[in-house]
Amino acid sequence: MKTETIISLIETATKARSHAYAPYSHYSVGAAVLCGDGSVFTGCNVENASYPCGICAERTAAAKAVSEGNMDITAVAVTGSTAEICTPCGMCRQFLYEFNEDMDVICSGIDGDFRIYKIKELLPHGFGSSSLG
């Protein structure tokens, strides 16, 4: 993946993070998914007083892509609101794995550092459609 694309996705995820609704954790997350046709969809975390009702930034962005008819997700950038590099939670790892086990996952924090993983690295032995037989 080109450096310009990585930086652009991180910047887009950072902008999305500014819309996060995180009154309980005070940890804002933004995400930007890149699809095979070049389109980008964003998301932020939206918390809820009933914690399980909240949704993470990565799933918000991926759901927006899918709801617009685009399931060819090739990469996702995730950025949190601290210096520590933000990686997707377990539920998001499984959700993203569904669409592309070779997806690039760009993980960053507020200081600009980032790491790139494949989703299958973050979720080894993931459960996908082939697991259903």
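Five strands form an open sheet in this predicted model. Their order is β2-β1-β3-β4-β5, and the pairing is mixed. The edges belong to β2 (40–44) and β5 (114–118). Each has a single partner strand, so one side of each lacks a neighbour in the sheet. On average, neighbouring strands are turned by 15° against each other, direction ignored.

Strands of a sheet pair through backbone hydrogen bonds, either parallel or antiparallel. Here β3 (residues 73–80) and β4 (residues 104–108) run parallel. Five bridges join them. Across this pair, Thr79 of the structure stands opposite Ser108 in β4.

A helix packs on the sheet as well: α1, residues 3–17. Helix α1 touches β1 (29–35), β2, β3, β4 and β5. The direction of α1 makes about 135° with that of β1.

Next come the aromatic rings. How many aromatic pairs does a search of the whole structure find? The search finds two. One of them joins Tyr24 and Tyr51. Their rings sit edge-to-face, 5.9 Å centre to centre, with 70° between the planes. Tyr24 lies in the loop between α1 and β1. Tyr51 lies in the loop between β2 and α2 (57–67). The pair therefore ties together parts that are 27 residues apart in sequence.

Now the cysteines. A disulfide is a covalent bond between the sulfur atoms of two cysteines. A search of the whole structure finds zero disulfides. For Cys35, the nearest cysteine sulfur is that of Cys92, 16 Å away. For Cys56, the nearest cysteine sulfur is again that of Cys92, at 3.7 Å. Why is Cys56 in no disulfide, with the nearest cysteine sulfur 3.7 Å away? A disulfide needs the two sulfur atoms within 2.5 Å, so a distance of 3.7 Å does not qualify.

How accessible are these tyrosines and cysteines? The table lists their values.

| Residue | Relative accessibility | Class |
|---|---|---|
| Tyr24 | 39% | partly exposed |
| Tyr51 | 61% | exposed |
| Cys35 | 2% | buried |
| Cys56 | 23% | partly exposed |

In the aromatic pair, then, Tyr51 counts as exposed, while Tyr24 counts as partly exposed. Exposed means over 50% relative accessible area, so Tyr51 at 61% falls in that class. Buried means under 20%, so Cys35 at 2% is buried. Cys56, at 23%, counts as partly exposed because its value falls between those two limits.

Technical notes
Residues numbered from 1 in each chain as written. Predicted model: local features only at pLDDT ≥ 70, side-chain atom pairs only at ≥ 80, totals over all residues. Heavy atoms only, no water. Pairing = 2+ DSSP bridges. Helix = DSSP H or I, 4+ residues; strand = E, 2+ residues; numbered from the N terminus. Axes fitted to C-alpha atoms, helices over the stretch in contact; angles between N-to-C directions. Contact = heavy atoms within 4.5 Å. Phe/Tyr/Trp six-rings, centres within 6.5 Å; stacked < 30°, edge-to-face > 60°. Buried < 20%, exposed > 50% of the residue type's maximum accessible area, 1.4 Å probe, protein only.
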